[in-house]
Structure formats: C-alpha cells, structure tokens
Amino acid sequence: MPRYLLVAGVDFGTSFTKVVLRDNNTPGSNAVVVPFPGHADGLLPSLIGIAHDCLTPPTALGESAKVPYLKMLAAHVANGEALDATHVKIPAALDALRRSRTDAVVATELLAFYFAHVMAATEDFIRSKSPWRDFDFTPDNTNDFLIYQLAVPTGLLADDGATERLFRDAFIAAHELRRGMDATMQKSTPQQPWSEKVAQVFACGRATLEARFEWQCLLYPEVAAAVQTVFRAPNARDGLYITMDVGAGTVDLNAFLRFRSNATRRLDYYSAIICPLGVQNLNDPHSAVKQRVENELMEELRMDLHALYRRALIHQPNHGVPGTGTRTWDRASLFIFGGGSHHNGYRQNFSAGLDHAGIHEPQVLNLPAAQDLTRPPNVEFGRFAVAYGISFFRPSLDQVRLPHELTPFRELYPEPTDEPPRQYGFNWDD
C-alpha cells in the first residue's frame, strides 16, 4: 500500500472552481481546501483571458478579454452548438482561434489551459503548505499517489457521452502539461504553441491514453457529486432527501433515497433535474448572459421542482394520510447549498415549489458542515460540498443508481387483483 493516496476533488463551477484534498489512506484525517494565488478563500474564478494571441490565467488577466463561464460554453459545444450560438456572449478575441480549428478543439484547449493551472497550483500547495509536504513527486514513484477527480455536467444528459469525452480530453491534456505551468498563475502562454502541445498529447492515440489514465483524471457526474457529502457526514441518516444546489449557471435538483444494503451504503436517485436557472441569470458580473425577470425565473424553478417530485413518485409513492405531515415524502430532509443559495428567492421558492407539489409544510435547511474539512474562515461549507464529496477515491464512493437504472414502483410491486391495496415502499419507522 502506498504511503499517501491523495485525491484532489475538483469542483469546476460556473463562476468559481474549488479543490479539496484528502489522504484516502489515513482514515480520520482532515481534508483540506486548496487556496490559490490571490484567492486564499479557495474560490478560483472559472475564467481565462485572451490578448495578443496569448492565454492568461484567471489571476493575471490584466487588460485581457475575459472568457467567462467556460463550463457552460464547453458543455454546449460538446453537444454540437457553435461557440457564438450559445446564450453566453464570447469576446471577439476568440475569433482568431476559431478560424483555424473547430469549436470543440478550441473548448478543449481553453479547458486544458485552465485545468493545468489548477493542477500546478494544487501540487505547489502540497509541496509548500499542505499536511503532506513530504509527498514524493518523483515520476513513477510507488510511495505516494495523487489522483484528480473532476465533477462534470454529465451523467443525466442525453448526449451519448459527448460532454464527458470533451471534459476528459481536456483534463488529461492538462495533467500531461501541468508541469510546464506557472504555479503562481502570473504568466501568459502563447496560444499557438499551447495548441500544438495539446494536439501532441493526443498524437499517441485515444486507446493508449485511456489505458494510461485508467485510474487518473477521473470524472464523476456533477449532479451526483454533492450528495456524496450527505453520505459521508458523520451525522447523516438514512432516508429520503431533496436537495437544491444553486450555482451561477445552473440549479441542480435531486430527489433520492439513502439506505444500507448488506452493510453497504447506497443511493438511489428517484429524480434529478439540471436547470439553467442559476443566480448569474439575475446578476451577471461579466455581462455575458442576458438577464431574466426574477419572478419568471422563480416560476420556472417551481415548475421544475414540481416535475422533480412527480418523477420521484414513480419510484416512491407518497403513502399516508394527506394533511397530517406524516406521509412518506413529508418526512424527507430538504437541503439547500451552493454559491447562490443566499439569494432568498431560491430558498423561498424551494419551499413554495414543494408545498405546491404536495409536501406538507416543507422545512428547508442549510447543508450541515462536515467536521473533517479544514476550510478558509468565513466561507461556508456549502461552497465546497461538491469538491468534498469527490475527494474520496472514486472506487470507494458509495454505489449510486441514476433514475434510468431504477425500476418504477408499480413494476416492482404490482397490485394484486384479488386483494386490497397494500402499503409498500419506504417506511420511516424501520
């Protein structure tokens, strides 16, 4: 067994990226939030700059034209949209890149540039300020291992894996090129040489790369990442959950059951919706997204919550007497978190949407903070929930089954034609 098995959980957010490091070989040890140059709070802006045919990291933009919302742009491009056809305004400085290569290649190169800086800064932190300063970074060493795991906006999208492939390509290229990056994030990089380096990474062929990176640069569905935190919290209990992760670009809605089967913790997703209703639609500091009327956005959010709940009922009906507060879903735990969760409209409409859907007097709570995470003061735990959840090595993450993998309740428990209806399903008294 290696001495250290460090896992860097990377939450590539629409507005900010967060990284949490954990030694998975030392049970009981604290995970640590990675600070970045100029961003000691651990919140690195998810953007890069472009000027004079050079790419610039997010901490040294200067007069560069900003390319914000990289995650959203990349996800749209992966699904066949042109960069200038998305709802995100792109700078004219990108035109030169787009003339000589496809938009998918441009998106891959931009992501790889950003991820390479994140990795370089993470490894510099390990060497200089982390609890693992004696980590052995010698190539091919067998003493210590550092694994990167990235949460990506995939897993429930009907894109035939296109989003996952683009993000994994960029993540692998970043890992291959990270040692050439400035860990202080102050130097710009000429665009054409960078493009050539990224292309060279893939010259050996995809099959060769996939074999080399079988246990490195792993991806995890973003929609499932944050709820791993619910699994890992020492005070978490089994039962039904509905969660709302409010980000800049999207709001992730989840309805799931946490339970144990043969001593193994499991999670069954009854319903999950990723909706483009993040807080940037109400307040965009980059002026790159058309602003929406708040009442209209919140009405759409309530409709999505209603749809989430109705889909969940396919797998778990709401047994019990209406209006008593004792029905199956009335007892669900309701958590809100994410960078946009402080906007009161999201909390209020989380409650209002579920109330309209049929849940009795829904009480929305903040996600409890994990006690084994060392994080910057004055930054709430919810900002790091996704990165925390995937700081556990992917093979040891609890088993997750997504909605399309589940059998509907009525198929599992068909009603007998010669007997009165029976109350199957989740029992809170168990």
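Q: Let's start with the cysteines. How many disulfides does the structure hold?
A: Zero disulfides are found here. Please keep in mind that we are looking at a predicted model. To call a disulfide, one looks for a pair of cysteine sulfur atoms within 2.5 Å.

Q: Are Cys217 and Cys275 buried or exposed?
A: Residues under 20% relative accessible area count as buried. Cys217 has a relative accessible area of 0%, so Cys217 is buried. Cys275 has 3% relative accessibility, so Cys275 is buried too.

Q: Now the whole chain. How many helices and strands does the chain have?
A: There are twelve helices and 17 strands in the chain. The chain has 430 residues, and 56% of them count as buried.

Q: What share of the contacts joins residues at least 24 apart in sequence?
A: Take the contacts between residues at least 6 apart in sequence: 69% of these join residues at least 24 apart.

Q: Can we look at one residue with many contacts? Where is Val251 found, and which residues does Val251 touch?
A: Val251 belongs to strand β12, which covers residues 251-261. With residues up to four places away in sequence left out, Val251 touches Met244, Asp245, Val246, Ile273, Ile274, Cys275, Leu277, Gly278, Leu301 and Tyr346. Cys275, the buried cysteine from before, is in that list.

Q: How far apart are Val251 and Ile274, in sequence and in space?
A: They are 23 residues apart in sequence, while their C-alpha atoms are 6.0 Å apart in space. Val251 itself has 0% relative accessibility, so Val251 counts as buried.

Q: Next, the helices. Which residues of α1 are buried?
A: Helix α1 runs over residues 70-78. Eight of the nine residues in α1 are buried, so this helix is mostly covered. They are Leu70, Lys71, Met72, Leu73, Ala74, Ala75, Val77 and Ala78.

Q: What happens to the backbone at either end of α1?
A: Tyr69 lies in the loop between β7 and α1. The phi of Tyr69 is near 55 degrees, which is a positive value in a residue other than glycine. Tyr69 has a relative accessible area of 1%, so Tyr69 is buried. Just after α1 comes Gly80, with a positive phi of about 95 degrees.

Q: Which residue offers another case of positive phi without being a glycine?
A: Asn378 does, with a phi of about 70 degrees. Asn378 sits in the loop between β16 and α11. Its relative accessible area is 85%, so Asn378 is exposed, whereas Tyr69 is buried.

Q: How do I read the packing of two helices, such as α1 and α3?
A: Begin with the angle and the distance between the axes. Helix α1 and helix α3 (residues 103-128) pack at about 150 degrees, and their axes are 9 Å apart. Angles over 145 degrees count as roughly antiparallel, so that is how α1 and α3 lie to each other. The crossing of α1 past α3 is left-handed.

Q: Which residues make that contact?
A: From α1 come Leu70, Ala74 and Val77, and from α3 come Asp103, Ala104, Ala107, Leu110, Leu111 and Tyr114. By class, the contact has eight nonpolar residues, no polar ones and one charged. One general idea helps with the spacing: an α-helix has 3.6 residues a turn, so residues three or four places apart point the same way.

Q: At what angle do α3 and α4 cross?
A: They cross at roughly 45 degrees, and their axes come within 7 Å. This makes α3 oblique to α4. The crossing is right-handed. Among the residues that meet are Ala104, Ala107 and Leu111 in α3, and Phe167, Ala170 and Ala174 in α4. The contact of α3 with α4 has 13 nonpolar, two polar and one charged residues.

Q: And how does α4 pack with α5?
A: Helix α4 (residues 162-177) and helix α5 (residues 191-201) have axes 9 Å apart and an angle of about 105 degrees. That makes α4 roughly perpendicular to α5. Ile172, Ala173, Glu176 and Leu177 in α4 meet Trp194, Lys197, Val198 and Val201 in α5. Sorted by class, the residues of this contact are six nonpolar, no polar and two charged.

Terms used:
Residues are numbered from 1 along each chain as its sequence is written. This is a predicted model: local features need pLDDT of at least 70, side-chain atom pairs count only at pLDDT 80 or more; totals for chains, interfaces and linings use all residues. Side-chain values use heavy atoms; hydrogens and water are left out. Axes are lines fitted to C-alpha atoms, for helices over the stretch in contact, and angles run from 0 to 180 degrees between N-to-C directions. Helices (H or I, at least four residues) and strands (E, at least two) are DSSP runs, numbered from the N terminus. Angles under 35 degrees count as roughly parallel, over 145 as roughly antiparallel, 65 to 115 as roughly perpendicular and the rest as oblique. A crossing is left-handed if the near helix is turned anticlockwise from the far one by less than a right angle, and right-handed if clockwise. Contact means heavy atoms within 4.5 Å. Ala, Val, Leu, Ile, Met, Phe, Trp, Tyr, Cys and Pro count as nonpolar, Asp, Glu, Lys and Arg as charged, and the others, Gly among them, as polar. Buried means under 20% relative accessible area, exposed over 50%, partly exposed in between (1.4 Å probe, protein chains only).
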